[in-house]
Amino acid sequence: MTTPGELFKEGDCLLVIDVQNDFCPGGRLAIDDGDAVVPVMNRYIDAALKQNIPVYLSRDWHPAGHVSFAEAGGQWPPHCVQDTHGAKFHPDLKVPESAMVITKGVRFDKDQNSAFDETGLADKLKNDGIRRVVVGGLALDVCVLATVQDALSEGFSAVVSLSGTRPVTPEGGGAAIEKMKAAGAEVIPD
Ligand SMILES: [Zn+2]
């Protein structure tokens, strides 16, 4: 097993996707075992800080009545509504002071699953000399998948921590892993 500390190298950044209360048990769009990613991502965060690897955390941050909510004809129960408890990062996630927070899902007219979707993240990373993104978080088959696909199309390499992510459905998770590998991502078990 490669530990996060052995994995990181210059030109990497850590990208922690949507580790928010609503995606964890008890939340409004709870993912099975969603909170199991917290200790894993904390290990990655610790290792990143020790090696001066920049840490980015994305958050889903919807206006009330968002187009992705069932009440508005969307696919999901209401979740991660701006400034609510559900939209907060999981309380055990060790959010570093130096971490940059990427806010997405704020548009009224469409959903933004990827941390790269109109957030300026790709330009920011390129300006900072980042060449590879190390990704974990929630959910594997939705926002992690979309983020990894965008990272690869923007020309970054991508590594995905399997123990650091969980899917909405097992089938969706399996398909997401295949799609990410086919697109060129490296999927690692730990
Ligand atoms: Zn959402």
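## A tour of the parallel sheet and its helices

Begin by selecting strand 5, helix 5 (residues 170–183) and strand 6, which together make a right-handed β-α-β unit. The model on display is predicted. Within this unit, strand 5 and strand 6 run parallel and are joined by three bridges. To view the pairing at residue level, select V160, which stands opposite V187 in strand 6.

Next, display every strand of the sheet. Six strands form an open sheet with parallel pairing, in the order 3-2-1-4-5-6. Its edges are strand 3 (100–104) and strand 6 (186–188), each of which pairs on one side only. On average, neighbouring strands of this sheet are turned by 25 degrees against each other, direction ignored.

Now select strand 1 (residues 12–17) together with strand 4 (residues 132–138); six bridges join these parallel strands. Here I17 stands opposite G137 in strand 4. Add helix 2 (residues 37–50), which packs on the sheet and touches strand 1, strand 2 (55–60), strand 4 and strand 5 (157–166). The direction of helix 2 makes about 140 degrees with that of strand 5.

Return to strand 5 and colour its residues by burial. Seven of its 10 residues are buried, so strand 5 is largely enclosed by the rest of the structure. Strand 5 also pairs with strand 4 in the parallel sense, over six bridges. For a residue pair in this pairing, select L138, which stands opposite R166 in strand 5. From strand 4 the chain crosses through helix 4 (residues 140–153) to strand 5, and this β-α-β crossover is right-handed.

The next selection is helix 4 itself. How many of its 14 residues are buried? The number is 12, and the helix is thus mostly covered. Among the buried residues are L140, V144, V148 and A151, as well as the polar-lettered positions D141, T147, Q149 and D150. The buried residues of helix 4 pack against strand 1, strand 4, strand 5 and helix 5.

A distance check can be made on the same helix. At 1.5 Å a residue, the 14 residues of helix 4 should span 20 Å; the end C-alpha atoms are 18 Å apart, which agrees.

Finally, select G155, just after helix 4, where the backbone takes a positive phi of about 95 degrees.

Conventions. Residues are numbered from 1 along each chain as its sequence is written. This is a predicted model: local features need pLDDT of at least 70, side-chain atom pairs count only at pLDDT 80 or more; totals for chains, interfaces and linings use all residues. Two strands pair if DSSP finds at least two bridges between them. Helices (H or I, at least four residues) and strands (E, at least two) are DSSP runs, numbered from the N terminus. Axes are lines fitted to C-alpha atoms, for helices over the stretch in contact, and angles run from 0 to 180 degrees between N-to-C directions. Two residues are in contact if their C-beta atoms, placed from the backbone, lie within 7 Å. A residue is buried if 20 or more other C-beta atoms lie within 10 Å of its own, exposed if 12 or fewer, and partly exposed in between; C-beta atoms are placed from the backbone. A crossover is right-handed if, with the strands pointing away from the viewer, the path from the first strand over the helix to the second runs clockwise. The expected span of a helix is 1.5 Å times one less than its number of residues.
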